[in-house]
Amino acid sequence: MSKKILVISGSDRNGSFNTQLAEQFVNAFKTQGHESALLDYADVPLLSQNNEYPTVEAVLNLRNTVKAYDAFLFVSPEYNGSYTARLKNLIDWLSRPEVEGDAQAPTVINGKKAAIASAANSTYGKFVRKNLNELLAYTRMNPMEHEGLGIRIPVEAWQTGSLLLDQEQQEQFNEFVKIFVDYIEK
Ligand SMILES: Cc1cc2nc3c(=O)[nH]c(=O)nc-3n(C[C@H](O)[C@H](O)[C@H](O)COP(=O)(O)O)c2cc1C
């Protein structure tokens, strides 16, 4: 059955390898007959409890977008052994009640299925994958029981600017797509 899968890059770097990987996921999901898009959240401000309510329009729009999706794939660089600040900020907003003081109400991400991939250096993003997985569980999402896909950024990519997966990485990517789609179709 066709699902709606939102893909979220943790990087806003121009030419980001993680955003390139995220775009490859969007294409792979679409090829398999699912609806998929890359989330643009450049307009989401830094969360401060001084400006949380009334909630700014950018966050209201973000929540409406997120509500419409069945599942989420986070694709994040590793910054000092963890996820990026902008990704944490996004998840913090999504983890908050829509109505002030209504802490028992479900949030727009409660119970939503999710998984993680990362393009990183010699760590293959293992620390960001572990920490992000814990954050997803903490915010009561439904993360897949899987270590996530770790892609080592090839040396040539830093010269060309393009993240081209080699054959082994492509096979790992395809396998991960299969496992994730099986998970969200259950
Ligand atoms: C603040 C900062 C911390 C970083 N820490 C790590 C790290 O812990 N592990 C790693 O593999 N790469 C680290 N890097 C390098 C990033 O993986 C690299 O810049 C990568 O290209 C970022 O992903 P992007 O191309 O999607 O923006 C760090 C980069 C920055 C800016």
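Which atom of the ligand does a backbone N or O atom of Phe-17 lie 2.9 Å from? An oxygen atom of the ligand is the partner of that Phe-17 backbone atom, at 2.9 Å. Keep in mind as you look around that this is a predicted model.

Let us stay with the ligand for a moment. Right beside Phe-17 in the sequence, Ser-16 also takes part: an N or O atom in the side chain of Ser-16 is 2.6 Å from an oxygen atom of the ligand. Asn-80 uses its backbone instead, with a polar atom there 2.8 Å from a nitrogen atom of the ligand. The ligand taken alone would expose 620 Å², and the protein buries 73% of that area.

Now widen the view to the whole shell. There are 15 residues around the ligand, and those that come nearest are Ser-11, Ser-16, Asn-18, Glu-78 and Asn-80. Sorted by class, this shell holds six nonpolar, seven polar and two charged residues.

Where does the ligand sit? The space that the ligand takes is the largest pocket. This pocket holds about 220 Å³ of space, and 14 residues line it, with Asn-18, Pro-77, Ala-119, Ile-153 and Trp-158 nearest its centre. Two elements, α1 (17-31) and β4, give two or more residues each to this lining. By class, the lining of the largest pocket has seven nonpolar, five polar and two charged residues.

Next, move on to the second largest pocket, which has a volume of about 150 Å³. Its lining includes Tyr-124, Arg-129, Gln-172 and Glu-175. The elements giving two or more residues to this lining are β6 (149-152) and α6 (167-185). The largest share, four residues, comes from α6. The classes here are four nonpolar, four polar and three charged residues.

Finally, there is an enclosed space to find. How many cavities of 30 Å³ or more does a search of the whole structure find? The search finds one, and the largest cavity holds about 30 Å³ of space. Around it you will see Ala-114, Ala-115, Ile-116, Asn-133, Met-144, His-146, Gly-148 and Phe-176. Strand β4 (residues 113-120) provides the largest share of this lining, three residues. Five residues of the cavity lining are nonpolar and three are polar, with no charged ones.

A few names come up twice on this tour. His-146, Gly-148 and Phe-176 line the largest cavity, and His-146, Gly-148 and Phe-176 also line the second largest pocket. Strand β4 likewise contributes to the lining of the largest pocket and to that of the largest cavity.

Conventions
Residues numbered from 1 in each chain as written. Predicted model: local features only at pLDDT ≥ 70, side-chain atom pairs only at ≥ 80, totals over all residues. Heavy atoms only, no water. Near = heavy atom within 4 Å. Polar contact = N/O pair within 3.5 Å; in protein donor to acceptor, adjacent residues only side chain to side chain. Areas by Shrake-Rupley, 256 points an atom, 1.4 Å probe, with all protein chains shown as cover. 1 Å grid on protein atoms, 1.4 Å probe; cavity = no way out; pocket = protein on both sides within 12 Å on 5 of 7 lines; lining within 4 Å. Sits in = over half its atoms within 2 Å of the grid points. Nonpolar A, V, L, I, M, F, W, Y, C, P; charged D, E, K, R; others polar. Points joined across faces, edges and corners; volume = space filled by probe spheres on them.
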